[in-house]
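Student: Please give me a close look at one part of this model, the packing between a pair of helices, and then connect that part to the rest of the chain. I would like the reasoning spelled out with the values it rests on.

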Amino acid sequence: MKKLLTIVICGRPEDERTASSYDEVELIYTENNEAGLAEYIKQAKGKYLFIAPRYFELNDVKLFIKVLNECDDEIVSFAQGAAAKTTLFKGLNFKENDCAFLYNIFAGFSAKSANKYLYAPVKYNGENEQFDDGLKDAILIAGAEFKKVKAKLSKDVYTYVSDLLIKKLTEFYVRALLAIREGNYDKEALKQFDAKLKGEIVLYLALEKRFPAAKLQKIREKGFKISAFTAKKLKKTLKKDA
């Protein structure tokens with residue numbers, strides 16, 4: 001039966017949600033976080049698809065359904081994420097670079113329309129997510145594709161994909177800096193990535209402008225070492241449940 005919305009949940013939280021009580025919504029759980037997402041997306045019966053992180057909660061399902069029923073935009077973005085028409089994900093498969101970010105942003109690259117709504121149908125707390133070094137490769141893949149297609153994008157779609165890219169890039173740097181401070185990541189790896197990013201000057205400057213809680217240039221000058229005070233401020237930016 002055709003659904004209005006499919007939510008693909010990346011992993012099985014301890015408080016696993018049972019089948020949705022809303023006939024319009026389908027829930028699909030992955031077995032290994034974001035691995036093999038293409039196969040789970042193929043199962044989706046919904047007109048729209050939302051790829052959700054493991055640590056999320058449905059906040060206002062009725063409003064979510066109402067908005068999706070009343071619009072025909074290909075991308076429907078909101079606080080904490082976006083739903084996109086399932087047809088936009090057709091044929092996407094990133095294999096060794098499998099991650100929700102790439103599926104979402106490449107779906108955006110193919111979209112003709114996007115609309116942003118000022119409501120939050122889900123709550124998400126990013127503190128629980130683990131640092132993923134592999135995201136740097138995904139960011140560079142997305143950045144290269146954005147450079148190729150940006151001139152063809154509508155204004156609303158351009159805003160959506162550029163915001164998504166800078167947001168993920170910022171999150172990667174925040175988590176990398178915290179991992180370096182905790183001794184779980186090599187600062188040389190971040191230096192090398194930072195040097196590569198400088199080749200994408202638009203992204204490089206946008207990251208500096210939007211980086212939260214601290215001056216990124218000063219952090220670079222200190223060899224990507226941060227103080228306990230800065231670490232505390234950066235951790236607060238990962239609390240995305242507001």
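Tutor: Contact, in what follows, means heavy atoms within 4.5 Å. The model is a predicted one, and with that in mind we can begin where helix 3 and helix 4 face each other. From helix 3 the residues Phe 101, Leu 102, Ile 105, Phe 106 and Phe 109 take part, and they meet Ala 138, Ile 139, Ile 141, Ala 142, Glu 145, Phe 146 and Val 149 of helix 4. The axes of helix 3 and helix 4 lie 10 Å apart and pack at an angle of about 5 degrees. Angles under 35 degrees count as roughly parallel, and helix 3 and helix 4 are therefore roughly parallel to each other.

Within this contact, one pair of rings deserves a closer look. A pair of aromatic rings is described by the distance of the centres and the angle of the planes. For Phe 109 and Phe 146 the ring centres are 6.5 Å apart and the planes stand at 20 degrees, so the pair is stacked. Phe 109 belongs to helix 3 (residues 100–109) and Phe 146 to helix 4 (residues 135–149), so that the pair links distant parts of the chain, 37 residues apart. Because its relative accessibility is 10%, Phe 109 counts as buried, and Phe 146, with a relative accessible area of 7%, is buried as well. The pair also belongs to a wider arrangement, since ring pairs link Phe 94, Tyr 103, Phe 106, Phe 109, Phe 146 and Tyr 158 into a cluster. In the structure as a whole there are 16 aromatic pairs.

Before helix 3 comes a backbone detail that may be worth checking on screen. Lys 95 sits in the loop between strand 6 and helix 3, and its phi is near 50 degrees, a positive value in a residue other than glycine. Lys 95 counts as exposed because its relative accessibility is 60%. A comparable entry for phi appears at Phe 224, where the value is near 65 degrees, again positive in a residue other than glycine. Phe 224 is placed in the loop between helix 8 (216–221) and helix 9, and with a relative accessible area of 3% Phe 224 is buried.

From Phe 224 we can move on to the interior. In soluble globular proteins, nonpolar side chains tend to be buried together. Here the largest nonpolar core has 64 residues, and those with the most contacts inside it are Tyr 173 and Leu 190. Helix 5 (residues 155–181) gives the largest share of this core, 14 residues. Leaving aside residues up to four places away in sequence, Leu 190 touches Phe 172, Tyr 173, Ala 176, Leu 177, Ile 180, Tyr 185 and Phe 224. A second, separate core has 22 residues, among them Phe 50, Leu 68, Tyr 119 and Val 122.

Helix 5 also holds Thr 170, which counts as buried because its relative accessibility is 11%. With residues up to four places away in sequence again left out, Thr 170 touches Leu 207, Phe 211 and Pro 212. Lys 167, which lies in helix 5 too, is partly exposed, with a relative accessible area of 44%. The C-alpha atoms of Lys 167 and Phe 224 are separated by 19 Å, and the two residues are 57 places apart along the chain.

Helix 5 is, in turn, part of what covers the buried residues of helix 9. In helix 9 (residues 228–237) the buried residues include Thr 230, Ala 231 and Leu 234. Seen down the axis of helix 9, its buried residues fall within an arc of 100 degrees, so they line one face of the helix. Phe 229, Lys 232 and Lys 236, on the other side of helix 9, are exposed.

Helix 2 can be read in a similar manner. Its buried residues, within the range 61–70, are Val 61, Phe 64, Ile 65, Val 67 and Leu 68. Down the axis of helix 2 these residues fall within an arc of 165 degrees, so they line one face of the helix, while Lys 62, Asn 69 and Glu 70 are exposed on the other side. The cover over the buried residues of helix 2 includes strand 1 (3–9), strand 2 (25–29), strand 3 (46–52), strand 4 (56–58), strand 5 (75–78) and strand 6 (81–85).

Technical notes
Residues numbered from 1 in each chain as written. Predicted model: local features only at pLDDT ≥ 70, side-chain atom pairs only at ≥ 80, totals over all residues. Heavy atoms only, no water. Core = buried A, V, L, I, M, F, W, Y, C linked by side-chain atoms within 4.5 Å. Buried < 20%, exposed > 50% of the residue type's maximum accessible area, 1.4 Å probe, protein only. Helix = DSSP H or I, 4+ residues; strand = E, 2+ residues; numbered from the N terminus. Arc of directions from axis to C-beta. Phe/Tyr/Trp six-rings, centres within 6.5 Å; stacked < 30°, edge-to-face > 60°. Axes fitted to C-alpha atoms, helices over the stretch in contact; angles between N-to-C directions. Parallel < 35°, antiparallel > 145°, perpendicular 65-115°, else oblique.
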